[in-house]
Every structure is written in C-alpha cells, then in structure tokens.
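Take a look at the structure below. We will walk through it step by step, from whole chains down to single residues.

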Number of protein chains: 2
Amino acid sequence: MNAVIDPKKELEDLQEDLREVQELLRRHQLVEGLVERQEMPRHELVEALVHRQNGAELRAKLDRMHPADVAYILESLPLEERLIVWDLVKAERDGEILLEVSDAVRESLIRSMDPEELVAATEQLEADEIADLAPDLPEDVMADVFRSLPVEEREQLRAAMSYPEDAVGALMDFDVVSVREDVTLEVVTRYLRRFDELPGHTDQVFVVDREEHLTGVLPLSLLIVSDLEASVAAVMKTDMVTLYPDDKAQQAAQAFERYDLVSAAVVDEQGKLVGRVTIDTVVDYIRDKSEGEALAKAGLREEEDIFASVWDSVKNRWAWLAVNLVTAFIASRVIGAFEGSIERLVALAALMPIVAGIGGNSGNQTITMIVRAAALGQIQPDHAKKLYRKERGVALLNGLIWGGILGLVAWYLYSSIPLGMVMTLAMVLNLLLAATMGVLIPTTMVKLGRDPAVGSSVMITACTDSGGFFIFLGLATLFLL
Amino acid sequence: MNAVIDPKKELEDLQEDLREVQELLRRHQLVEGLVERQEMPRHELVEALVHRQNGAELRAKLDRMHPADVAYILESLPLEERLIVWDLVKAERDGEILLEVSDAVRESLIRSMDPEELVAATEQLEADEIADLAPDLPEDVMADVFRSLPVEEREQLRAAMSYPEDAVGALMDFDVVSVREDVTLEVVTRYLRRFDELPGHTDQVFVVDREEHLTGVLPLSLLIVSDLEASVAAVMKTDMVTLYPDDKAQQAAQAFERYDLVSAAVVDEQGKLVGRVTIDTVVDYIRDKSEGEALAKAGLREEEDIFASVWDSVKNRWAWLAVNLVTAFIASRVIGAFEGSIERLVALAALMPIVAGIGGNSGNQTITMIVRAAALGQIQPDHAKKLYRKERGVALLNGLIWGGILGLVAWYLYSSIPLGMVMTLAMVLNLLLAATMGVLIPTTMVKLGRDPAVGSSVMITACTDSGGFFIFLGLATLFLL
C-alpha cells in the first residue's frame with residue numbers, strides 16, 4: 001500500500017526532497033563557477049548541468065510531484081536556488097504551479113520568465129485561473145493570451161477579470177454541469193457518462209430551464225440513490241444557496257461555513273446560471289484573508305517572502321513604522337510638557353511606562369474581542385451601551401486590583417504614600433480610558449463601513465500611551481508637587 | 001424562485017428576525033414584570049407568554065431556520081434574551097444547535113438546562129458529535145448518555161473521546177460508505193440505492209478488503225461516468241490521502257488545503273478503515289485555530305462571549321495583564337537604575353519611550369513574518385543565518401533612516417547635537433536587538449516544538465522595552481553626562 005499518502009510522512013518526504021535538491025544545487029553551483037566564464041545563458045547552463053550530473057533524477061522527482069508540493073518546495077528555497085528548480089519544472093506545468101505559489105514567490109518566478117514562456121504557461125489554464133494570475137502578468141502577455149483564446153473563454157476571462165478581488169465573481173469558476181428538469185434521471189446519467197470525469201468538486205449538477213435560469217440542484221448523492229425512472233424535477237432540491245457575482249466573497253465564505261457546502265451556483269440578476277464557487281477556492285480565500293489580517297496587524301503591507309531582499313522588506317514595512325513613530329512622538333511631547341514635574345520627582349519617569357503599557361494591553365484585549373464579534377456579525381447597534389458597561393466594569397476591577405498592587409509597590413520603592421495613591425488612581429483612569437476607546441474605535445469603524453481589524457490596534461495604543469502619560473503626570477503634578 | 005437562498009439577503013433577514021425577536025421579548029418582559037409575583041417557573045412563564053402573545057409566530061420562525069442560523073441568533077443576543085429564545089427552540093433540535101454555537105455561548109445554554117433535557121438533546125446526536133459536546137457536559141449526563149447508546153455507537157464514542165483535541169481522531173466521523181474491490185460498479189450502484197440519501201460530503205466511497213483494510217477509493221464523479229460492467233478494482237484510485245487518528249489535525253488541514261479534498265479516509269496502524277474526515281469539519285478547525293491564535297495574541301485565554309459577565313471577563317484576561325505587568329515592572333526598574341541621569345537631563349525621559357516603542361513595533365513585524373512562514377513549514381534549520389542577515393540589514397537601514405530623523409528632531413527640540421547623535425545610535429542598536437530577538441525567539445520556539453504564535457510577541461516587547469531603555473539611557477550616561 002505504498003500508494004497511500006500520509007500527510008505527515010508527505011511533509012517529511014518533502015523536506016527530505018528539499019535537502020536533496022539543495023545538495024544537488026550546491027554541486028551544480030560548484031561547477032557553475034567554472035562554467036560561468038563561457039557566458040552560457042542561465043537556463044542552458046542549468047540544462048547542461050542537469051544532464052551532466054544526476055540532476056535528471058531531480059527533474060523526474062519534480063515531475064512526479066503534485067503541483068502544490070512543487071509550490072511548497074519553491075516557497076521554501078532562497079531566490080537563487082528557487083529559480084534553478086523553477087527552470088527544471090516542465091514548461092507545461094508552469095501555469096498550474098504559478099497558481100499554487102504565494103503572491104510574493106509568484107512575482108519572483110514571473111520576473112524570471114520571458115514573455116513567450118509566460119504566454120505558453122498561461123494559455124493552458126482555464127479562464128478563471130487566468131484571471132487569478134492576471135494582476136501579476138505584464139500587459140503585453142495578457143494581450144497575447146487574450147488573442148489566443150477561443151471566443152467563449154475570452155468572454156469568461158473578461159467576466160472573471162471584471163470583478164474586484166473580494167467579490168464572488170473573483171472566486172467563481174465556469175465548470176458547471178447543468179441539466180433540464182423535465183428529463184429523467186436515466187437521461188441525466190447517460191449524459192454524465194459522456195464525461196471522462198466530472199469537474200473537480202462536482203457534488204451536484206445544476207438544473208436550468210431553456211433560458212438557462214437556475215431552477216434547482218441535483219446532488220450526486222441523491223442522483224445515485226434515486227429511481228432512474230424519476231424526473232429531475234421530482235428529485236431536485238430547490239432550497240439551495242445561490243450567489244451573485246457582485247456579492248462579497250466574505251458572505252459567500254460565511255454561507256459555505258454555515259451550511260457546509262461543497263459547491264454553490266452563481267447566477268446573474270435575471271437568475272441565469274453563470275458559474276459556480278467551490279469549497280477549495282473558499283478555503284484558500286479564508287486562509288488568505290486571515291493571514292492578511294494577521295500581517296496587517298503587524299503593519300506588513302503585503303505578504304513578504306522570507307527571502308525577500310532587504311530593500312523590498314524595508315518598503316513593505318516602512319509605512320507602519322512611520323505611523324507608530326508619529327504616535328510615539330506625540331506621546332513623547334506629552335511627557336515633554338511635564339518635564340518640570342519629572343525633574344522635581346524623577347520616580348515619575350520610571351513609573352509612567354507601566355501605566356501607559358498596561359492600558360495598551362487592556363485596550364487591545366477589548367478591541368480583539370469586539371473585532372471578532374463584529375466579524376461574526378454579532379454586534380448590533382443597540383449593544384454598544386451594554387458593551388461599554390461591561391468593559392468599564394472590567395476596567396474598574398482590573399484597575400483596582402493591578403493599580404492597587406502597583407500603588408503598594410510604588411509606596412514601598414519610593415516610601416511615599418501619595419505617590420502610591422496617584423499610581424493606583426492613574427491606572428484606574430487609564431484602564432477606563434482604554435475600555436471606552438476599546439469599544440468606541442471598533443464600533444465606530446463598523447458604523448463607517450470600515451474593517452475594524454485594520455488600524456484599531458495603533459489607534460488604541462496611541463490613546464493609552466499619550467493618555468496614560470497625561471493622566472499619570474497630570475495627577476502627580478496636581479497632588480504631589 | 002423564492003426558495004433560492006442568497007447569503008447577503010439571508011444575513012439581512014437574520015438581523016431583521018433578531019430585531020423582531022427582541023421586540024417580542026421586550027413585550028414579554030413587560031408582562032413578565034406583572035406575572036413575576038406568581039412565582040411561575042421560568043420556562044412555564046415563557047410558554048404562557050408565547051402562547052398568549054404572537055410568540056407562537058416566533059417559535060414557528062425558529063423552527064423553519066437552519067440550526068446554524070438559530071445559533072447565530074443565540075450568539076447575537078444578551079444572556080437573558082438568549083435564554084428565552086433557547087426555551088422556544090424545539091427540544092429535538094437542541095443537540096444540533098448546541099453543536100453550532102460557539103464555546104462560550106454553549107456553556108451559557110448548557111448551564112440553563114436540567115440533566116434530563118441535556119441527556120435527551122445529546123442522545124439524538126451521532127457518536128462523533130457527542131464527543132464534541134462531551135467536554136462541556138456534566139459527568140452524570142455523559143454517564144446517562146453512554147448507558148443509553150447501542151453498543152457500536154458506544155465504542156465509537158469511546159474512540160472519538162480518546163483523542164486529544166488537536167488530533168485527526170477528534171475531527172473524524174464514522175459515516176463511511178465502503179465497498180469491496182472485486183464487485184462490479186453495477187453492484188456498487190445497487191448497494192448505494194439502498195440508502196435514502198448518502199451521508200453528507202460523500203464524494204467517494206471507500207474500497208476495503210475482507211479484513212476492512214483500505215485498498216482504494218472510488219470517487220462518485222468516476223462511478224457516475226464509468227461503465228457499470230467494470231469492476232471496482234479497475235476504476236478505483238489508489239493514490240489517495242489517508243490519515244491516522246493520531247496525526248496532528250493541523251497536518252490533516254494542510255493536506256485538505258493542498259490537495260483540495262472533500263473527504264479523506266482515516267485508517268489505524270494495520271491500515272483498517274476506522275472513519276473519515278470531511279472538509280466541513282476541517283473548515284471549522286481552520287477557523288477555530290486562526291481565531292484562537294488572534295485571541296491568544298491579545299492574551300484572551302479563551303473565546304469570550306461579548307455578553308459575558310464582568311467577573312468572567314476579568315478571569316479570562318487577568319493572566320496576560322499579570323505577565324505584561326511583570327515585564328513593564330522590569331522595564332521600569334531599568335529606568336529606575338538611571339534616575340540620576342534623568343534628573344540631570346530630563347529630556348531623556350521624554351525621548352526614551354520612542355526608542356523602546358519603535359523597537360517593539362519592528363520586532364513584532366519580524367516575528368509575524370517568521371511565524372507565518374513557520375506555520376507554512378517554510379523555515380529550514382539552515383535558513384536561520386540568511387534570516388539573521390536579512391533582518392539585521394532591514395534593521396540597520398530602518399535605524400539609520402528613522403533614527404536619523406529622530407536624531408534631527410531631538411537636536412532641534414533640545415538644541416543638543418550630542419543628544420541627537422545618542423538618539424540615532426540608540427535607535428539603530430535597539431532595532432538590531434529587535435531583529436536579532438525577532439528571529440531568535442520564534443526559531444527557538446520552533447526548535448523546541450512549541451507554537452511560535454503564542455507568547456513571542458510578549459517576549460519581544462519585553463526585550464525591546466527593557467533593552468531600549470537600557471541602551472538609550474546607558475549611551476546617554478556614557479556620552480552626555
């Protein structure tokens with residue numbers, strides 16, 4: 001049973017392969033140094049090396065691999081080695097592998113290919129797949145691809161490319177199998193037999209009328225168990241999920257999760273069947289979106305290849321650092337306004353970052369909880385009051401507990417009861433500020449129709465830093481000096 | 001075609017329903033105030049109210065809804081209203097709805113039910129579903145459920161409960177349809193016809209020998225297009241993904257994503273078929289995991305119901321605040337060690353948080369990128385050197401740019417060139433520290449077999465805060481005083 005695939009072993013095998021590839025490449029590069037002077041074009045050089053050494057074996061290994069596994073190998077290799085492996089991949093597999101790799105790696109691979117190679121790789125794909133690659137392809141390549149497509153596919157490609165990235169239209173494919181409702185299941189079965197194999201993720205065939213309006217779906221699991229004499233109309237289901245191309249992809253994903261779908265029909269405004277969405281695309285979308293959010297929270301503008309150049313990385317990260325620098329500068333000026341107080345009581349300088357820091361942590365907890373609830377659609381406008389009450393209660397309790405402890409510590413360290421009391425009061429007030437802003441910021445962003453996951457965290461930290469310094473130093477100036 | 005479901009409209013409808021429910025409840029509660037004195041048990045009261053008013057309509061509405069939609073409504077309601085709606089849900093649907101709601105809400109619902117209700121709700125479920133609920137159910141309820149099950153299901157439940165939450169065994173269900181390889185497709189088709197409907201997500205039937213060893217899979221999409229005279233052995237696929245119950249759930253999820261699966265067989269060590277995993281369970285797992293990570297990053301120990309009590313929220317959040325308090329206290333003591341310097345040059349107090357803050361932001365960017373690459377399995381042990389080189393390069397460049405700007409600002413604000421130079425140097429050094437720790441912390445956690453997503457962020461912030469204060473104040477003490 002060595003044909004059985006076990007993903008755990010698979011992963012280990014892949015890593016083994018990767019080491020083998022790297023070993024082969026190291027040997028190649030040793031030779032490469034010797035050959036370089038002859039100024040052979042790079043890909044010919046690779047050819048030569050691969051033939052001369054046991055690289056043919058490596059090529060054979062890559063040929064046997066699933067495109068997703070080749071993509072994984074490419075993503076795990078530093079740029080130089082990645083491009084050598086890429087040269088070894090059979091040209092007719094280039095397209096499907098480009099679809100599998102991550103955006104940053106895809107860019108690096110496309111940059112290494114000449115226009116003819118790109119056109120050849122793209123032409124083998126289906127219209128919806130070409131649309132996925134399109135944003136990364138040079139314009140002249142896309143123009144060539146367009147010209148080479150049959151009319152129907154050209155129309156499909158045009159349609160697929162017309163939708164924004166976060167619309168159902170961008171997730172849609174055109175592999176729909178449809179039947180009429182007035183035929184018998186016997187006829188349907190005979191019709192399906194004409195396929196060599198049904199398109200992937202076909203768990204149902206779509207039922208349409210003469211004008212291509214969707215009237216129902218016929219799940220294969222029903223078709224198989226039903227009497228072949230029955231008509232499609234008698235067996236088909238009519239309470240199905242349908243999507244419109246303009247729907248938000250996020251809503252389609254929620255429908256797939258909520259109703260455990262494998263595929264869903266996409267219809268236009270007249271109810272005509274135009275395509276379908278399948279669970280594999282939805283899973284990729286969910287994954288991309290949650291990764292995008294995690295990256296955005298740390299201010300990485302786009303997915304960054306771990307082997308990206310220093311300069312690309314700096315460009316990817318600078319905007320976030322600039323924003324944080326501005327908020328840090330504002331906080332610094334708040335402190336600057338109280339320099340006189342600090343000069344007279346230097347303990348304030350040591351204690352103030354604690355007040356600001358805990359406020360930031362606590363505010364981020366509130367925001368994280370609310371952002372999650374908002375993403376699940378659980379926040380109603382009339383809940384705001386309840387949320388404020390709850391979060392302020394939590395803040396008050398936390399402020400009294402932790403502020404109390406810190407007050408005692410400050411008293412002990414600096415032998416000053418008033419300083420301890422100011423510390424406690426400042427903690428309570430800054431946590432209340434954090435709670436208020438922690439509810440206000442994300443709920444306002446939801447009301448304005450913006451995604452609360454992006455930017456909320458910087459804003460709350462800005463509030464609790466500047467606010468924390470102001471509250472603590474202000475109280476100290478009032479009561480201690 | 002009003003039977004067609006459009007998720008966008010669906011969501012709006014649900015929110016409409018929710019408002020209706022709340023309106024009905026408000027009216028109920030007005031009456032409830034009047035009836036309370038009679039000390040009717042709560043659920044009888046609800047009964048009475050629902051019958052008296054047009055609440056029967058509400059009950060009918062809930063009956064028509066998909067369990068996932070009822071779950072959504074329950075999650076979106078504050079505790080009191082949630083329990084009233086819960087009382088209105090038909091008892092025989094309790095089980096399937098409990099499966100759909102989030103953990104925190106499930107707990108609140110279970111707490112409101114008496115043991116008999118719980119046993120009745122649980123008994124209707126399948127073994128793998130009962131296992132999912134088990135951790136939330138009281139022991140005596142589980143004992144009763146166990147006793148009431150037929151022998152085979154009892155064994156399945158015992159098996160399902162024996163696996164840790166993050167193992168394939170916990171994702172597995174027992175709805176496998178299997179056939180022998182020596183029969184014809186004609187026989188298979190006749191066998192399948194005996195089902196009323198195939199189990200959900202059956203995209204393939206499993207092929208086993210006399211001892212239940214898995215020998216292949218027969219996709220329905222192949223069965224449908226193949227000649228019925230052919231034998232199963234001739235048509236079945238043998239290069240399928242199989243899982244072991246002890247495999248990590250994460251690896252199963254990767255296999256589903258990578259190979260676009262709808263279902264996969266689970267076999268024991270002898271290769272005997274014991275169950276299957278389906279894409280809907282995997283999608284739920286992926287969602288739970290990514291949400292759990294987002295919550296963990298903000299130090300929320302578990303998913304928190306937005307309507308949880310203040311006390312539950314405090315308990316959920318205190319550990320994280322305590323950890324952060326300790327790191328903030330350490331940073332504060334670093335500052336305390338330099339109080340003499342700050343007293344002599346108070347500008348240091350205003351500038352020091354900038355150095356620490358930008359270091360933290362930059363370090364978190366590095367960690368986020370590496371954690372993501374590690375989750376995709378792209379980090380090889382021999383890459384560490386390359387990563388250090390790249391991240392230190394980025395840090396150096398960022399340090400020179402942003403540190404340079406801040407140096408100029410410090411010079412302008414405090415008319416001191418040496419202060420500006422110390423500021424720039426401190427920024428460069430703290431960013432280099434952030435880059436080094438930003439690679440070291442997650443790669444070390446990976447080496448130790450721990451999840452780098454949890455805890456890395458606190459550790460890096462602790463390093464860059466204490467480190468930033470030490471570097472800046474130390475340099476200032478050396479060169480300025």
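What follows moves from one chain, to the pair, to a small sheet.

Keep in mind that this is a predicted model. Start with chain A. It has 481 residues, and 46% of them count as buried. Its backbone forms 23 helices and 6 strands. Now think about which parts of the chain touch each other. Take the contacts in chain A with a separation of 6 or more. Residues 24 or more positions apart account for 70% of these contacts.

Next, bring in chain B. How are the two chains related? Two copies of a chain are related by a rotation about an axis and a shift along it. Here the rotation is 180 degrees and the shift along the axis is 0.0 Å. With that movement, chain A superposes on chain B with an RMSD of 0.1 Å. The two copies are thus related as by a two-fold rotation axis.

Where do the chains meet? The contact takes 107 residues from chain A and 108 residues from chain B. On the side of chain A that touches chain B, helix α20 gives the most. This helix spans residues 347–375 of chain A and supplies 16 residues. Sorted by class, that side of chain A has 56 nonpolar, 29 polar and 22 charged residues. In addition, 99% of the interface residues of chain A are also interface residues in chain B, so the copies meet through the same surface.

Now zoom in on two strands of chain A. Strand β5 covers residues 263–267 of chain A, and it pairs with β6(A) in the antiparallel sense over 5 bridges. One bridge partner of this pairing is easy to find: A:Ala264 is matched with A:Val277 in β6(A). The two strands form a hairpin, with 5 residues between them. In the turn, A:Gly271 has a positive phi of about 85 degrees. Is strand β6 of chain A mostly covered or open? It is mostly covered: 6 of its 6 residues, 273–278, are buried.

Finally, turn to chain B. Here an open sheet of 3 strands has the order β4-β5-β6, with mixed pairing. β4 (242–243) and β6 (273–278) of chain B stand at the edges, each with a single partner strand, so one side of each has no neighbour in the sheet. β4(B) and β5(B) run parallel and are joined by 2 bridges. In that pairing, B:Leu243 has B:Val266 of β5(B) as its bridge partner. A helix completes this picture. Helix α17 (residues 279–297) of chain B lies across β5 and β6 of chain B. It runs at about 60 degrees to β6(B).

Definitions and conventions: Residues numbered from 1 in each chain as written. Chains lettered and ligands numbered in written order. Predicted model: local features only at pLDDT ≥ 70, side-chain atom pairs only at ≥ 80, totals over all residues. Contact = placed C-beta atoms within 7 Å. Helix = DSSP H or I, 4+ residues; strand = E, 2+ residues; numbered from the N terminus. Nonpolar A, V, L, I, M, F, W, Y, C, P; charged D, E, K, R; others polar. Buried ≥ 20, exposed ≤ 12 C-beta atoms within 10 Å, placed from the backbone. Pairing = 2+ DSSP bridges. Axes fitted to C-alpha atoms, helices over the stretch in contact; angles between N-to-C directions. Least-squares fit on C-alpha atoms with pLDDT ≥ 70 in both.
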